[in-house]
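Colleague: I should like to learn how strands, hairpins and unusual backbone angles are read from a model. May we work through an example together?

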Amino acid sequence: EGNKWAWQQRQYKNIDEFHKTHKKWAAFGVVIYAISIIAAFAIIKSFLFDFNSYNRESNMANYKAMNKIEADSYRWSLKRTFSDLNVILVRSLMPPDSNIKNYLGSADKLAHKVCSHNTLVEKIIPGGCILKYSNDTTITFGELNPNCSGMTPCAKIYVDLNGDTPPNEETTDINYLKDRYVLYLHEQHVKPAPDSIEAKIIAGDE
């Protein structure tokens, strides 16, 4: 029907000329159709790329926001734990028995001395204790040093800010805070190692 209409609307010398002209227009139509398909594909691909890029950026922004909230929580918890531990130690060293060195024979003995009868302690556990008001922060003692004095610590204090809750990983990068830290027990106070991540967090320099 289309060929009939084309024959009637235009003057052709003969049927061969008509067929040649028709083939040219048919070929031109195929080219136009192919270009349209390619253009449509390119537009769809560009849209999908922009959409995926937006999703990646949105997901990254959400991740950073959640990571910051979590990191701020860890900072606050470590500062609170540091403060509580110093109060706990002072209370445990009340006279007449105020020499911490007398309790460095074992981690259990030290934990009992430091953590017993203290309102900031939830309960004593093997080698340490769980603190109150701190999301189940757990501390355990290790590397006891009966010869401690001055700047030499008497023991390490391993701090897990949320107990058994993941990630249960030690913080090794100030930009990616985790839930486990190390503090040091001295004869009269608790303190972080100089220039450590813990020291920067407690000092507010992170």
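The dialogue below takes up strand pairing first and backbone geometry afterwards.

Modeller: Please keep in mind that this is a predicted model. Let us begin with strand β2.

Colleague: How should the two faces of a strand be read, and which residues of β2 lie on each side?

Modeller: In a regular strand the side chains alternate between the two faces of the sheet. In β2, residues 128–131, G128 and I130 are on one side, while C129 and L131 are on the other. These four residues are all buried, and both faces of the strand are thus covered.

Colleague: In which sense do β1 and β2 pair, and over how many bridges?

Modeller: Strand β1, residues 121–125, pairs with β2 in the antiparallel sense, over 4 bridges. One position to inspect is V121, whose bridge partner in β2 is L131. The two strands form a hairpin with 2 residues between them. In that turn, G127 has a positive phi of about 75°.

Colleague: And what joins β2 to β3?

Modeller: These two strands also form a hairpin, with 6 residues between them. Their pairing is antiparallel over 3 bridges, β3 being residues 138–142. Here C129 stands opposite I139 of β3. In the turn, Y133 has a positive phi of about 55°.

Colleague: What should one expect of phi and of the peptide bond in general?

Modeller: Most residues other than glycine have a negative phi, and most peptide bonds are trans. With that in mind, consider H117, which is not a glycine yet has a positive phi of about 55°. H117 is located in the loop between α3 (107–115) and β1. E143, likewise not a glycine, has a positive phi near 50°. The loop between β3 and β4 contains E143.

Colleague: Why does H117 count as exposed, and why is E143 exposed?

Modeller: The cut-off for exposed is over 50% relative accessible area. H117 counts as exposed because its relative accessibility is 85%. E143 is exposed because its relative accessible area is 55%.

Colleague: Where is a cis peptide bond found?

Modeller: It joins P166 and P167, with omega about 15°. P167 belongs to the loop between β4 (155–160) and β5 (180–185).

Colleague: Finally, which helix holds A203, and how far is its C-alpha atom from that of K79?

Modeller: A203 is in helix α4, residues 197–203. Its relative accessibility is 51%, and therefore A203 counts as exposed. The C-alpha atoms of A203 and K79 are separated by 8.8 Å, although the two residues are 124 residues apart along the chain.

How values were computed. Residues numbered from 1 in each chain as written. Predicted model: local features only at pLDDT ≥ 70, side-chain atom pairs only at ≥ 80, totals over all residues. Heavy atoms only, no water. Buried < 20%, exposed > 50% of the residue type's maximum accessible area, 1.4 Å probe, protein only. Pairing = 2+ DSSP bridges.
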